[in-house]
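Q: I'd like to learn how to read local features in a protein model. Could we walk through a few together?

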Amino acid sequence: MSERLPQTANPFTGRVVFILLAIGLVSFAAVLALMAWSPELASRDRPGATPYSRSASGYAGLIDMLEADGRAVSVSRLRENMERSNGRLLIITMPLYGREFDVADIAPPALIVLPKWRYLVNPARQAFELDTRLANKDTVDGMLGLVEEDARLVRLRNPGKLTTPFGKVAPNFDHEMQVVKSDQLEEIIGIPGGQLLSQLPGEDIYLLSDPDLLNNFGLARIENAATGLAIIDHIGRGRGQPIVFDATMHGFERSRSLLKTLLDIPFLGATLIALATMGLIGWAASIRFGAPEREAPAFAPGKQALADNSAGLITMARREPRMAPGYLSLTRRALIRELGLPKTLSEEDVSNLLDRMAQQQDMEDSWSRTGGALSTPAASREDLRHKARALWRWRKEMTHGND
């Protein structure tokens, strides 16, 4: 039989352990969810030249104006949407310090808008700008180099009226008008000092050098808003063409991590089943814990073990019925010893003597009849058990009486 080591007192109750495990699991799940959706949870309401911004240099006003005009407008947070047009006009509003991209990967038709302004965040209203000033020309030149390496940036005075493919316009640019000079770019709208709207050679991709025709600050001027909408209509395929603004250049790119995939539809169900299975396995393992059991020896020591092993061997050999005469002889010797009879008596004399003693004690059965049933092998194991139990009772009554 196995022994158990002495158990020590547990410093934690089952309820405390359950609460700790529940808090740990909930915290772990919350951390995983935040890791997966942290880009989506990031605040979009911040200043800058982003499609979400309502500050002076942002483009949320342009999106509102296009939607009010009945246009289908969306904001893309997937990088691959820059490479697939799907019949939409892509508008990329470049930040002052943004991510690099390859123009060859942009799917036409597309409009790229250069940055112009730098700003300070308003500490009282974090979504707006406290002060806006012209950005360093070299910095804007660095972003222009991502579109055309040989182009350079030039800032000029307001030219007054401009001649465009859609008529004469008179936009009002704040401070200075920003244009580019390049021998490679094809001029669409220009002045003697440079190009306001250019087209990449052989591509349906356009570059707008001054964002004041489209940003929130510039749209406050009616002539700027009309010119900006006319440029979009000229580049696109009419008012019915969908328009998509890219937000990945401003750090709003939506992640495609494996963790988010596992926690999103349609894989969420399989993930929950896997977590439930892990929980059941852990619970099944926890209830099996306890004090370790000592390994029992292959052969248990002691008389009882020896008797059990011997009985097992006899059972395996199916020799129990043949043990009847042996049990009778063993019981006879025990009676001679317990009753103090002479050891020199023969079996017949012992039988006669035990019969007379049983008669004197008014016992119902005699030794000859009870013991004689075991003088030959029993018919079966059950027959041996019945006869041996009857002989054991006779011996007990003989040695101890009816008590």
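Q: Which backbone oxygen does the side chain of Thr164 reach?

A: Keep in mind that this is a predicted model. The Thr164 side chain comes to 2.3 Å from the backbone oxygen of Gly167. Thr164 itself lies in strand β7 (residues 162-164). Beyond neighbours within four places in sequence, Thr164 is in contact with Val169 and Ile189.

Q: Is Thr164 buried or exposed?

A: Buried means under 20% relative accessible area. Thr164 has 10% relative accessibility, so it counts as buried.

Q: And what about Val16, which is in helix α1?

A: Val16 has a relative accessible area of 35%, so it is partly exposed. Val16 belongs to a nonpolar surface patch with Phe12, Val17, Leu20 and Leu21, and together they have about 440 Å² of accessible area.

Q: How do I read the length of a helix, say α4 (residues 222-235)?

A: Compare the expected span with the model. The 14 residues of α4 should span 20 Å at 1.5 Å a residue, and its end C-alpha atoms are 20 Å apart, which agrees.

Q: Which residues of α8 (residues 324-339) are buried?

A: The general idea comes first: an α-helix has 3.6 residues a turn, so residues three or four places apart point the same way. In α8, the buried residues are Ala324, Leu328, Thr331, Arg332, Ala334, Leu335 and Ile336.

Q: What do the buried residues of α8 pack against?

A: Their partners are α9 (347-360), α10 (367-372) and α11 (381-400). After α8 comes Gly340, with a positive phi near 70 degrees.

Notes. Residues numbered from 1 in each chain as written. Predicted model: local features only at pLDDT ≥ 70, side-chain atom pairs only at ≥ 80, totals over all residues. Heavy atoms only, no water. Patch = residues over 30% accessible without salt bridge, like charges linked within 9 Å, V, L, I, M, F, W, Y side chains within 5 Å. Areas by Shrake-Rupley, 256 points an atom, 1.4 Å probe, with all protein chains shown as cover. Salt bridge = Lys/Arg side-chain N within 4 Å of Asp/Glu carboxyl O. Buried < 20%, exposed > 50% of the residue type's maximum accessible area, 1.4 Å probe, protein only. Helix = DSSP H or I, 4+ residues; strand = E, 2+ residues; numbered from the N terminus. Expected span 1.5 Å × (residues − 1). Polar contact = N/O pair within 3.5 Å; in protein donor to acceptor, adjacent residues only side chain to side chain. Contact = heavy atoms within 4.5 Å.
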